[in-house]
Amino acid sequence: MASTRREEILFHAAKLFSEKGVAATTVRDIADEVGILSGSLYHYFGSKDAIVFEIVIAYVDDLNERFEASLVPGESGRERLDHMVAVAFAAAVDHPFATEIYQNERALGTRFGDGQIAKAVRRANDYWADAIDGGVASGEFRSDLDPRQFHRMLRESVWSTVRFNRATLAADAERLRHDLIAVFLDGCATGAGVASAPIPAASPSGSGPAGESVDAVDVSEIAELRRDVRELKEAIRELRALRAVRGG
C-alpha cells in the first residue's frame, strides 16, 4: 500500500510541477491532489525537494539505462539517433511530466548538493553527442554543421515534442519519431538527395503553371511577389492622385 501511495504522490506532484512550476507548487497542493493531509505526505517524503529529486533522477537514470541498452554495434549514425528518439519517447511515456519539469526548471542540475542530477544529465547528453560525432566522423552527417548545436536542437526538439503531444504521446510516439528523424536527418545527410525533389501535386487543382506543384514554390518568391503587388498598387494610387490634382 505504501508503494502505491508513493507512486500516486509522485504522479500528482509531477503533474503539478509541470503545470505550475516547482516554486509555485506547495506541499498542500500536492496533498490535496492526492486526497491526504499535508502532514501525511511527510510520511513518504521528507520535503518537496525530495519529491522533485526522485521524479527527475528516476527519469534520467532510466533514460540512460535505456540508451545504453539500445546500443547496437556497427549501427549507423542515423540508426543510432533513430533508436535514441524512440527510447526518449518511451521513457517520457513511463515517467509522466518528468521531461517537462526538467525543461522548466533549468537550475535542477545544481539545486541538489550531491550533483547527482547534473551528472546523470551529462551522461545522457554524451549519448546524443557520441551518436552525432560518430555520424560526422563516418561522413554520414555534414561536417559543416556545428555538432554541438545540432545536438542541442535535436534534443530540445525531442523534449518539445513530448511537451506538446503529452496527451497522445503513447499512441503517436512512432509517427512523431518518424517525423522528427526525417526533418532533422534528411536535412543533414551527405551526398545526393540532400535537397528533396518537389512533391507532385495530388490533383490538377493543386498545380501551378506547367503542372508545377504549388508546394514547391519558394516562399521567398511568394513574399517578393506580394511586395511587388503592394508597390504597384501604391504607384497606381499616387498616379491617380496626381491626375486628380492636374485635372482640378
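The following dialogue examines how several features of this predicted model come by their descriptions.

Biologist: What makes up the protein chain in terms of helices and strands?

Modeller: The protein chain of this predicted model has eleven helices and zero strands. Read along the sequence, the pattern is α-α-α-α-α-α-α-α-α-α-α. Of the 248 residues in the protein chain, 36% are buried. Among contacts between residues at least 6 apart in sequence, 70% join residues at least 24 apart.

Biologist: Why is helix α5 called roughly antiparallel to helix α8?

Modeller: Helix α5, residues 77-94, and helix α8, residues 116-137, pack at an angle of about 160 degrees. Angles over 145 degrees count as roughly antiparallel, and α5 is therefore described in that way relative to α8. The axes of the two helices are 8 Å apart, and α5 passes α8 in a left-handed crossing.

Biologist: Which residues make the contact of α5 with α8, and how do they divide by class?

Modeller: From α5 the contact includes G77, R80, L81, M84, V85 and A88, and from α8 it includes Y127, W128, A131, I132 and G135. These residues divide into eight nonpolar, two polar and one charged. Glycine counts as polar and arginine as charged.

Biologist: How does the packing of α5 with α9 appear in the model?

Modeller: The axes of α5 and α9 come within 10 Å and cross at roughly 35 degrees. The crossing of these two helices is right-handed. L81, V85, A88, F89 and A92 of α5 meet F150, L154, V158, W159, T161 and V162 of α9. By class, this contact has ten nonpolar residues, one polar residue and no charged residues.

Biologist: How many aromatic pairs are there, and what makes the pair of F67 and W128 edge-to-face?

Modeller: The count comes to five aromatic pairs. For F67 and W128, the ring centres are 5.7 Å apart and the planes stand at 80 degrees. Rings pair if their centres lie within 6.5 Å, and planes over 60 degrees apart count as edge-to-face. The pair therefore meets the distance limit and is edge-to-face.

Biologist: Why is the pair of F67 and W128 said to tie together parts of the chain?

Modeller: F67 lies in helix α4, residues 48-69, whereas W128 lies in helix α8, so the pair ties together parts that are 61 residues apart in sequence. Both F67 and W128 are buried. In addition, F67, Y127 and W128 form one aromatic cluster.

Biologist: What makes the pair of F150 and F184 tilted?

Modeller: The distance for F150 and F184 is 6.1 Å centre to centre, with 40 degrees between the planes. Planes under 30 degrees apart count as stacked and over 60 as edge-to-face, so the remaining angles are tilted. An angle of 40 degrees therefore places F150 and F184 among the tilted pairs. F150 in helix α9, residues 147-164, and F184 in helix α10, residues 169-185, are 34 residues apart.

Biologist: How do you know whether F150 and F184 are buried or exposed?

Modeller: Buried means under 20% relative accessible area. F150 has 6% and is therefore buried. F184, at 16%, also counts as buried.

Biologist: Why does H151 count as buried or exposed, and which residues does it touch?

Modeller: H151 is found in helix α9. Its relative accessibility is 7%, so H151 counts as buried. Not counting residues up to four places away in sequence, H151 touches N125, W128, A129 and I132.

Biologist: What is the phi of F97, and where does this residue lie?

Modeller: F97 has a positive phi of about 75 degrees although it is not a glycine. F97 lies in the loop between α5 and α6, the latter being residues 98-104. At 12% relative accessibility, which is under the 20% limit, F97 counts as buried.

Biologist: Which residues are in contact with I57, and how do you know whether I57 is buried or exposed?

Modeller: I57 lies in helix α4. Leaving aside neighbours within four places in sequence, I57 is in contact with Q116, I117 and A120. The C-alpha atoms of I57 and A118 are separated by 9.4 Å, with their positions 61 residues apart along the chain. The relative accessible area of I57 is 8%, and I57 is therefore buried.

Definitions and conventions
Residues are numbered from 1 along each chain as its sequence is written. This is a predicted model: local features need pLDDT of at least 70, side-chain atom pairs count only at pLDDT 80 or more; totals for chains, interfaces and linings use all residues. Side-chain values use heavy atoms; hydrogens and water are left out. Axes are lines fitted to C-alpha atoms, for helices over the stretch in contact, and angles run from 0 to 180 degrees between N-to-C directions. Helices (H or I, at least four residues) and strands (E, at least two) are DSSP runs, numbered from the N terminus. Angles under 35 degrees count as roughly parallel, over 145 as roughly antiparallel, 65 to 115 as roughly perpendicular and the rest as oblique. A crossing is left-handed if the near helix is turned anticlockwise from the far one by less than a right angle, and right-handed if clockwise. Contact means heavy atoms within 4.5 Å. Rings of Phe, Tyr and Trp (its six-membered ring) pair if their centres lie within 6.5 Å; planes under 30 degrees apart count as stacked, over 60 as edge-to-face and the rest as tilted. Buried means under 20% relative accessible area, exposed over 50%, partly exposed in between (1.4 Å probe, protein chains only).
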